[in-house]
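Hi,

Here is the structure I promised to pass on. Have a look at it first, and my notes follow underneath.

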Amino acid sequence: MRQKILASAVIGLFTFGVVFFGWFGTLNLTLQDEIYQRPGSADGDIKIIAIDEKTLEALGQFETWTREPYAELIDTLNQGENKPRAIGLDILMIQEKGEEDALLTEACREAGNVVLAENLVFSEKIQTKDGRTQVNRLHIDMVEEPFAALSQVVDAGFANTVQDSLDSTVRYTFLEMDGYKSFAVALAEKAGVETDVSQTDNQNGVLIDYVGGAESYETLSMIDVLEGRIPPEAFADSIVLIGAHAAGMGDSYYIPGHEGQQMYGVEIHANVLQGLMEERFLTQAGALANGLCCGLIAFLLVLLCGFLKLAPAILVSAAVPIGQILLCLKLDETGFVINMIALPLAAVLAILWTIGSKYAVEKLQKRKILHAFQKYVAPQVVESLSKDQNFQLRLGGEKRQIAVLFVDIRGFTSMSEILTPEQVVEVLNEYFRIVTDAVFRHGGMIDKFIGDAAMAVFNAPVDCEDYIYRAVCTAQDIAAGSGKLAEDCQKRFGRSVSYGIGVNCGEAVVGNIGSDFRMDYTAIGDTVNTAARLESAAGSGQVYLSKEVCQALQDRISQGHISVEDVGMLELKGKAEPVMVYQLKEVKE
């Protein structure tokens with residue numbers, strides 16, 4: 001549980017950081033563009049008069065123009081009673097150029113509906129507010145306004161274009177800064193539109209909700225208007241924007257939702273203007289509130305996935321970004337924008353953590369099983385188990401062909417009467433060490449220790465090549481080791497110990513016997529019982545083999561690798577018929 005909470009907290013904090021600190025900003029903006037920038041309908045009352053290639057060919061290079069063409073255009077648009085509601089001239093006219101400046105000034109004074117562009121010059125400045133020192137990167141150093149005479153007869157608004165630092169795309173605009181109105185706001189107010197900046201963020205800015213790509217608005221060539229090919233009545237009661245619309249004029253920008261497409265500045269102002277007219281803007285959610293909300297959702301998601309199986313966890317994780325998209329489409333109607341990348345990333349991390357944690361739990365469980373088997377099984381058997389992807393510890397068993405070895409100490413009971421408990425344990429441990437080393441050396445499994453006896457199984461829990469021969473070799477090694485132990489006991493305690501060993505082979509049920517709470521991996525069946533009876537019948541220092549063992553090893557016996565002696569038919573406890581028994585004399589490995 002602790003690990004689940006910790007993982008949930010870590011991913012929750014990461015998700016908060018994605019929102020609050022703007023990590024993966026470019027990817028987030030791309031997703032926001034796809035969700036929020038949906039095509040709309042351009043307002044037919046907004047018209048653009050373009051300073052396009054056709055106009056430049058007729059009037060010459062833009063840099064050589066006097067103010068006369070603008071004066072003539074304004075006079076043309078304002079002929080008669082049906083004049084435009086407002087005319088926005090998206091051209092900076094800061095410096096006086098000559099006598100034609102007076103023509104423009106007079107034309108604007110008589111029209112009374114002209115708005116000109118101005119430019120805010122920013123710099124970074126350290127400021128202290130409410131006891132906190134911070135860097136203001138948008139400190140206004142100066143304002144480049146229309147020349148003095150013109151400023152007195154027109155309204156003006158700043159036409160600065162805000163390009164995103166991540167990909168130079170124009171998504172954002174300011175509507176007001178330190179008392180200065182934007183070009184679009186000034187134009188809207190000149191046209192009699194009531195503007196409301198309450199939708200803006202704390203910097204009086206908004207995300208632009210574009211109605212479409214380039215040339216969405218009705219765009220007419222300036223020279224066509226000047227030369228009368230388009231009548232002034234076409235602009236009656238409209239809001240007219242005049243601006244650059246040619247590639248060489250350096251006023252084109254990338255826009256969201258239209259990869260690789262650029263839009264002229266005058267068209268961007270038209271989009272902002274329509275947003276003001278329709279009170280339709282996109283406002284970015286506060287980073288703190290948005291981050292806390294996403295972080296909490298991520299925390300709960302990961303915590304929930306920790307208690308689910310893999311398939312449901314994946315479905316729940318996938319539902320989160322899908323639900324977010326549906327929510328965003330709903331929020332789009334209210335102009336509210338939230339972070340788009342945080343929750344999908346959290347969902348991916350939740351899935352990865354779920355997969356990883358469940359894999360780790362399974363690996364840990366398997367490691368515990370293997371660690372337990374290391375107490376009973378030879379290292380090479382454990383290694384084989386670790387490579388078996390389908391191995392599971394569960395109740396139940398399977399029929400297997402196995403070899404079973406029982407060994408018991410002879411003379412230990414009488415010797416233990418004169419030994420202290422500590423000495424009894426010491427002798428037993430040394431004896432069982434000899435048994436365990438011999439069993440493991442030949443790839444067998446220690447099934448159990450029973451008092452001063454031990455049981456070993458070969459060919460379980462995994463297949464073991466030549467397992468019957470291995471069992472017989474183990475019996476000989478135990479006999480050899482026990483001889484040394486007997487000599488040591490004789491020297492130390494004046495009493496000697498020996499052994500009796502029985503080996504049998506055949507079919508048995510091998511598996512976990514017991515309950516879910518306590519189980520024992522063992523072998524049961526007549527094969528096991530017969531091996532135990534052979535061990536009981538064996539005298540001190542004897543290794544008894546069943547007829548089945550000798551038949552399985554007949555080739556080695558006939559070749560002299562194994563030497564056995566015929567004991568004869570013996571009555572074994574629990575067996576209805578006498579059993580043919582052989583005594584092992586020697587194994588030449």
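Helices and strands here are DSSP runs, numbered from the N terminus: H or I over at least four residues for a helix, E over at least two for a strand. Bear in mind that this is a predicted model, so to speak of local features I needed pLDDT of at least 70, and side-chain atom pairs count only at pLDDT 80 or more, while totals for chains, interfaces and linings use all residues. Residues are numbered from 1 along each chain as its sequence is written, and side-chain values use heavy atoms, with hydrogens and water left out.

Backbone oddities to begin with. Asp-178 sits in the loop between strand 7 (176-177) and strand 8 (180-181), and its phi is positive, near 50 degrees, in a residue other than glycine. Is Asp-178 buried or exposed? With 62% relative accessibility, Asp-178 counts as exposed (buried is under 20% relative accessible area, exposed over 50% and partly exposed in between, using a 1.4 Å probe and protein chains only).

Asn-459 also has a positive phi, about 80 degrees, and is not a glycine. This one is in the loop between strand 18 and helix 16, and at 9% relative accessibility Asn-459 counts as buried. Pro-461 is in the loop between strand 18 (453-458) and helix 16 (467-493). The peptide bond joining Ala-460 and Pro-461 is cis, with omega about 5 degrees.

Now the helix packing. For helix 1 (residues 2-20) and helix 10 (residues 287-305), the axes come within 7 Å and cross at roughly 155 degrees. That makes helix 1 roughly antiparallel to helix 10. (Axes are lines fitted to C-alpha atoms, for helices over the stretch in contact, with angles from 0 to 180 degrees between N-to-C directions; under 35 degrees is roughly parallel, over 145 roughly antiparallel, 65 to 115 roughly perpendicular and the rest oblique.) Helix 1 passes helix 10 in a right-handed crossing (the near helix is turned clockwise from the far one by less than a right angle; anticlockwise would be left-handed). Contacts (heavy atoms within 4.5 Å) involve residues including Lys-4, Gly-12 and Phe-16 in helix 1, and Gly-291, Gly-295 and Phe-299 among those in helix 10.

Helix 4 (residues 68-77) and helix 5 (residues 100-111) have axes 8 Å apart and pack at about 20 degrees, so they are roughly parallel to each other. Helix 4 passes helix 5 in a left-handed crossing.

On to the rings. How many aromatic pairs does the structure hold? There are 10, where rings of Phe, Tyr and Trp (its six-membered ring) pair if their centres lie within 6.5 Å, and planes under 30 degrees apart are stacked, over 60 edge-to-face and the rest tilted. Phe-21 and Trp-23 are a stacked pair, 5.7 Å centre to centre with 20 degrees between the planes. Phe-21 is exposed at 53% relative accessibility, and Trp-23 is partly exposed at 38%. Tyr-172 and Phe-174 pair edge-to-face, at 5.3 Å and 85 degrees, and both are buried. Ring pairs also link Phe-14, Phe-16, Phe-20, Phe-21, Trp-23 and Phe-24 into a cluster.

Finally, two charges sit over rings, meaning NZ of Lys or CZ of Arg within 6 Å of the ring centre and within 35 degrees of the ring normal. Lys-4 lies over the face of Phe-307, 5.2 Å from the ring centre. Arg-556 lies over the face of Tyr-469, at 3.8 Å.

Cheers
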